[in-house]
Amino acid sequence: MRSIGARIVIVFLVTVTLSITIATSFYLPFLMRLVYNQSDMKMQSDLEVARMALDQKKQSLMLPARVLSKDIWFNRMLAGRIGNLVRERVKFFIRGLTEADLTFMTVTDADGVALFRSQSAYSTGDDISADPAVKRALGGQEASSFRLLGPEEMWREGLLAEPPATGAAGPQGLAIIAAAPVLTPFEADTAEGLSPENWQKDRVVGVVVVGYLMTRDMSALNEVAERTKSRASVFSRKGLLASTAPKDVAAPPKKVFDAAIYKETGAYVLNRPELGEISGYIPLYNVEGELSAVLELSGSTEWINRARAVSLRNFIFFIIVGIASAFVVGLLLTKRITEPIRELRRGAEEIGRGNLLRRIDIPGGDEISELADTFNDMSVRLHRSMEEMRLSKQQVEDYSSRLKSAHSSLEMYSRELEKVNRDLMNSNLSLRKANEVKDTFLSTVSHELKTPLTSIIGYVSMILEGAFGAVNDDAAQSLEVVLRRGRNLEALISDLLSLSRIDAGRLELRRAYIDIGKELRGIEEVFSETLREAGLECELDIEDSLPRVHADRDRINQAALNLVGNAIKFTSPGGRVSIRARHKRETNEIEVSVADTGIGIPADELSHIFDRFYQVDKHDGREYGGTGLGLAIARELVELHGGKIEVSSEPGKGSVFTFTLPISAPETGPEGAGGGEFGGEAA
């Protein structure tokens, strides 16, 4: 039979081994996921840095284009005295500039014919008006973008020494270009004969085009690589254009040239384990919005594999050390536990044989030591009162029974107290968890419901529009039902999210001085299609020159949209919805009212109309849809701005919802600060 010491050691070893192994099996994958997530986040940050560097380069190119366009006097050019003037002014302007500033410059006349090319003396007279950037500049607008240059374009710009052979493939180049129109001086008397819509176009007498060839001068790519500590490369659909890496660079997958993958974030991150790299891509568009090339940032992921190997090695080492330590501790603990028990057993055996003066000495002051002392006391008492016990056996038995009963009662009371304590602790934990569940509900709905629901609505809309082929009438009707239900569910989720943020105190108002009259007029445009389908008339009565209101434009629009949508829902065809706004000078407030000629609200329902989830039409087959949250959200948003909302109604004749907004912001409030005076509208 296995001793209790061996059992303790075995149980201790198994427990420690399982604890370390289970913790390792969960923690190591979690650590690797965390490392990969950090790597993705760093690449996203590097892509944003690269985008900013390229934007700065485009802005720096636009500056010389603007300056030179204003410096050249094209009135003299049109008079025929342009040759030496253009060349001298351009040479003077670009003197001291390097290819890190710009690579080439082209000047055209009002018809888009090249007058001068800084790098070529053989391409003047070419008609380049069809170039998208030149065409936009001839229309009076500035343009800056990326442009993929073919062999013929590079030769005409003087970037190739020899013209390419007809039909032969040649080198490609990626350039950042900036085009600025050149305008004649404008005077009032010279514009009398021009039509208002063409006076700007008629003033354009030429275009200045400035270009920087990224595939020849590597300073821009080197700057991006230096900032991000990554390899920077530029690819077209045909292959590599330029790279900061000295060795061969693997071509990216074809899918990175699909513009659709950049719609969400404007960038794309791809883990390439077969190459031991993580790569990020930024699309480079031309003036017409077409994908010309992509910028690739690549970094090695070899360090991740090394980190995994080191972590696994360390975990195995700690498991072995833990097991060895557990074995040693188990032996010591077993000896510490079993040796006093053996001594206690030997003493008990002698006392049992009648040696009542046998004393058991167990040091330590723990429970076993206390038990040994109890044995010693018991033997002494037994020795002193042996005769008494023989004479009063029944009394001793009764006394022993009462002691056992009292002990059981105490144990029972102790267990009850422990149970009550556990129940209280569990109740407290339950309350905390309930509060945490409420707080995390917003995140759960946002990530688990709203994102896939948005995708479902988008795909159903695309199918109805015929993006994937024709849809028969029955399928279209079913898809329209799905689309309506999806949008209703999306509105419900948005309402719940708004209420959750308001309850949690996390709804931040981005205040700015807004034109409330302009915002209310925009609401008519939002509901124009809905009003037409419902057969309703919309009447606007907005006081002229309303003062600007210091408020959050998006939240005020949300409240107004909820009120107008509510009025449309409960108004029958042929009815009217009225939106009025006026300045209450006596209280320095803006008063906005939304009235309808709908079904109205019973008097006993008015006090509950702004309660959450409250609906007048309560039966299961309600004629009017909705969640009962729109008016509640409107009241919360208006009150957050320091305003008030109220309703008056008469059944069968309609309802009037009125809310007020203070023109100036309150001195204290829970929201974030707004802009300065007339500091612009909130985004």
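This is a short talk on a five-stranded sheet, the helix that packs on it, and some salt bridges in a predicted model.

Okay, hi everyone. Residues are numbered from 1 along each chain as its sequence is written, and side-chain values use heavy atoms, with hydrogens and water left out. Since we're looking at a predicted model, local features need pLDDT of at least 70 and side-chain atom pairs count only at pLDDT 80 or more, while totals for chains, interfaces and linings use all residues.

Let's start with the sheet. What is the order of its five strands? Going across, you get β7-β6-β10-β9-β8, an open sheet with antiparallel pairing. Strands here are DSSP runs of E, at least two residues, and helices are runs of H or I, at least four, numbered from the N terminus. Two strands pair if DSSP finds at least two bridges between them. At the edges stand β7 (239-243) and β8 (268-272), each with a single partner strand, so one side of each has no neighbour in the sheet. From one strand to the next, the twist averages 30°; axes are lines fitted to C-alpha atoms, for helices over the stretch in contact, and angles run from 0 to 180 degrees between N-to-C directions.

Now zoom in on one pair. β6 and β7 are joined over four bridges, in the antiparallel sense, and S233 has S243 in β7 as its bridge partner. Helix α7 (residues 219-228) packs on this sheet and touches β6, β7 and β10, with a direction about 135° from that of β6. Contact there means heavy atoms within 4.5 Å.

On to charges. Side chains of opposite charge can pair when their charged atoms come close. For a salt bridge, we want a side-chain nitrogen of Lys or Arg within 4 Å of a carboxyl oxygen of Asp or Glu. How many salt bridges does the structure hold? There are 23.

One of them joins R231 and E296, at 3.5 Å from N to O. R231 lies in β6 and E296 in β10, so this pair ties together parts that are 65 residues apart in sequence. Are they buried or exposed? R231 counts as buried at 18% relative accessibility, and E296 is buried at 0%. Buried means under 20%, exposed over 50%, and partly exposed in between (1.4 Å probe, protein chains only).

Compare E226 and K229: their closest N and O atoms are 3.0 Å apart, and both residues are exposed. That's my tour, thanks!
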